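Biologist: I have the sequence and the model open together. Can we go through the fold step by step?

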Amino acid sequence: MGVLEELQWRGFVHQATHEDLAQRLEGAPLTFYCGFDPTADSLHVGSLLPIFAMAHLQRAGHRPLVLIGGGTGLIGDPSGKTAERTLQTKEQVLANAEGQRRQLARFLDFEGPAAARMLNNADWLLSLTLVDFLRDIGKHFSINVMLTRESVRMRLEDREHGLSYTEFSYTLLQAYDFLHLCEHQNCRLQIGGSDQWGNIVSGMDLTRRLLQKETYGMTVPLLTKPDGSKFGKSEGGNIWLDPARTSPYKFYQFWINQPDAEVIRYLRFFTFLSRSEIEALEEAVLNVPEKREAQRRLAEEVTRIVHGEEALRNAVKASEAMFGGALDGLDEPTLLDVFSEVPSTTLPAETLEIQPLLTDVLVEAGCFPSKGEARRMIKSGGLYVNNERIEREDLRLSRDLCLTPSMAVVRKGKKHYQLLRFQ
RNA sequence: GGUGGGUUGCCCGAGUGGCUAAAGGGGACGGGCUGUAAACCCGUUGGCUAGCGCCUACGGUGGUUCGAAUCCACCACCCACCA
């Protein structure tokens with residue numbers, strides 16, 4: 001199977017600028033790039049989509065350029081945004097770019113014949129001067145065309161938000177990136193999210209005009225959940241790749257909780273499993289959905305790639321302990337081990353002697369933001385200690401509530417665990 | 001610079017002197033059913049309190065009033081139109 005065919009089967013190809021892109025990709029190795037916006041110091045699962053697309057292309061022998069938008073991040077891309085963005089400080093953008101750079105290094109091979117390179121467009125954008133830029137680059141852009149852009153039109157029609165000159169100009173900078181990379185790295189293909197189509201085409205135009213070189217573009221789909229909301233948000237927050245922001249356990253849980261209707265698609269996107277393996281899992285979803293084989297495999301694969309083998313083992317172990325049933329048989333070291341992945345809080349041992357209200361303790365331990373919420377949870381039957389439902393709001397904490405002499409396992413609802421230790 | 005419109009709880013959005021911790025929706029969370037799935041049903045969704053209740057809250061600051069998210073003044077921010 002050719003690379004493009006492979007990408008197509010996996011669902012990565014949303015739009016491509018050339019019919020013959022496939023042939024081009026079967027030929028001599030080609031240099032391609034994809035940009036990442038340094039809006040945070042960590043990437044999240046949404047960014048995995050273009051990353052995997054890059055990885056597949058690299059495996060087919062093409063050379064990836066990872067472009068960190070340290071320069072463009074200072075401006076803000078209006079594509080797909082409904083409101084004007086607040087500008088970030090240069091320091092922020094710099095720090096964010098560095099954080100993302102480290103994460104991206106995990107997915108691509110930086111050695112060998114198709115060694116990936118990491119670049120930061122701050123290196124060439126920050127030294128531009130306005131007048132030169134307007135003369136050399138701006139001249140090639142037609143306002144008439146820019147105004148017809150989906151992303152621009154949307155914002156122009158929106159009475160509330162509008163669009164600043166700064167963001168309006170963004171596309172010129174990204175186009176300039178492509179030009180620069182084509183000129184200095186012989187980059188011929190840009191890939192990006194489907195909201196990047198306009199920016200990609202702008203870059204191709206510019207490159208054709210100024211360098212007389214033909215370039216290509218391809219976009220990957222923008223992932224949404226079945227309800228239309230953004231992919232990668234869960235339990236109120238983004239799922240980040242940074243283990244300090246999203247623990248490997250939580251990361252693993254995110255994937256294992258994917259609905260049947262989506263899981264196969266995600267296996268194709270976020271794993272390197274072969275077609276036959278994925279098809280086998282598809283069968284499993286149809287015939288024995290309750291075994292959740294596909295979800296398990298998905299969670300394993302992605303967690304391994306992002307966090308490594310050891311973190312995966314811990315996440316699996318913790319998940320099995322908690323969702324497998326009996327907590328009772330576990331001794332303290334095992335518990336500690338299992339729960340190293342789960343939020344845990346240490347309270348002074350005296351707490352057990354004073355026997356305070358359980359609700360107060362839970363607030364202090366950070367399980368709940370307020371006593372009212374803790375009480376409400378009990379009232380609605382959603383609070384468990386060591387997997388036993390707590391019925392009384394005025395229950396006091398004591399040794400009887402502990403699973404081991406110094407530990408108790410608090411559970412909110414079906415899947416939120418927190419370990420309490422008393423020392 | 002001028003004129004007009006706006007700023008409400010996590011988000012959207014109603015309210016335009018007391019009955020308003022503030023309709024409705026979304027989201028989120030919990031319960032039930034299940035398979036750590038989807039769909040569906042039910043409940044909760046400012047803080048403190050066992051509860052009566054008290055406090056904080058409708059951009060900010062002052063004021064009018066027995067009483068203000070609601071009226072007035074000033075300030076800030078956003079938007080539209082005009083120049």
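**Burial, domains and packing**

Modeller: This is a predicted model. Of the 423 residues of chain A, 51% count as buried. The secondary structure of the chain comes to 20 helices and 13 strands.

Biologist: Into which domains is chain A divided, and how many Å separate the centres of domain 1 and domain 3?

Modeller: Chain A is divided into domain 1 (3-220), domain 2 (247-324) and domain 3 (335-422). Taken over C-alpha atoms, the centres of domain 1 and domain 3 are separated by 48 Å.

Biologist: Which helix gives the most to the largest nonpolar core?

Modeller: The largest nonpolar core has 61 residues, and those touching the most other members are Val45, Leu48, Leu189, Ile191, Trp255 and Phe270. With 8 residues, the helix that gives the most to this core is α3 (residues 48-59).

Biologist: From which domains does this core draw at least three residues each?

Modeller: Trp255, for one, touches Val45, Leu48 and Phe270, among others, not counting residues up to four places away in sequence. The core draws at least three residues from each of domain 1 (3-220) and domain 2 (247-324).

Biologist: How many residues are in the other core, which lies apart from it?

Modeller: Its members include Leu125, Phe133, Ala175 and Cys187. The count for this other core is 23 residues.

Biologist: Are helix α13 and helix α14 roughly parallel or roughly antiparallel?

Modeller: Helix α13 (residues 260-270) and helix α14 (residues 275-287) pack with their axes 10 Å apart, at an angle of about 175 degrees. Angles over 145 degrees count as roughly antiparallel. Therefore α13 is, relative to α14, roughly antiparallel.

Biologist: Which residues of α14 make the contact with α13?

Modeller: On the α13 side, the contact is made by Asp260, Val263, Ile264, Leu267 and Arg268. On the α14 side, the residues are Ile278, Leu281, Glu282 and Val285.

Biologist: Which strands stand at the edges of the open sheet of 5 strands?

Modeller: The order in this sheet is β9-β13-β12-β10-β11, with mixed pairing. An edge strand here has a single partner strand, so one side of it is left without a neighbour in the sheet. The strands at the edges are β9 (344-347) and β11 (388-389).

Biologist: What is the bridge partner of Leu383 in β12?

Modeller: Strand β10 (residues 383-385) and strand β12 (residues 407-412) run antiparallel and are joined by 3 bridges. In β12, Leu383 has as its bridge partner Lys412.

Terms used:
Residues are numbered from 1 along each chain as its sequence is written. Chains are lettered from A and ligands numbered from 1 in the order in which they are written. This is a predicted model: local features need pLDDT of at least 70, side-chain atom pairs count only at pLDDT 80 or more; totals for chains, interfaces and linings use all residues. Side-chain values use heavy atoms; hydrogens and water are left out. Domain bounds come from an automatic or database domain assignment. Two strands pair if DSSP finds at least two bridges between them. Helices (H or I, at least four residues) and strands (E, at least two) are DSSP runs, numbered from the N terminus. A nonpolar core is a set of buried Ala, Val, Leu, Ile, Met, Phe, Trp, Tyr and Cys residues joined through side-chain atoms within 4.5 Å. Buried means under 20% relative accessible area, exposed over 50%, partly exposed in between (1.4 Å probe, protein chains only). Contact means heavy atoms within 4.5 Å. Axes are lines fitted to C-alpha atoms, for helices over the stretch in contact, and angles run from 0 to 180 degrees between N-to-C directions. Angles under 35 degrees count as roughly parallel, over 145 as roughly antiparallel, 65 to 115 as roughly perpendicular and the rest as oblique.
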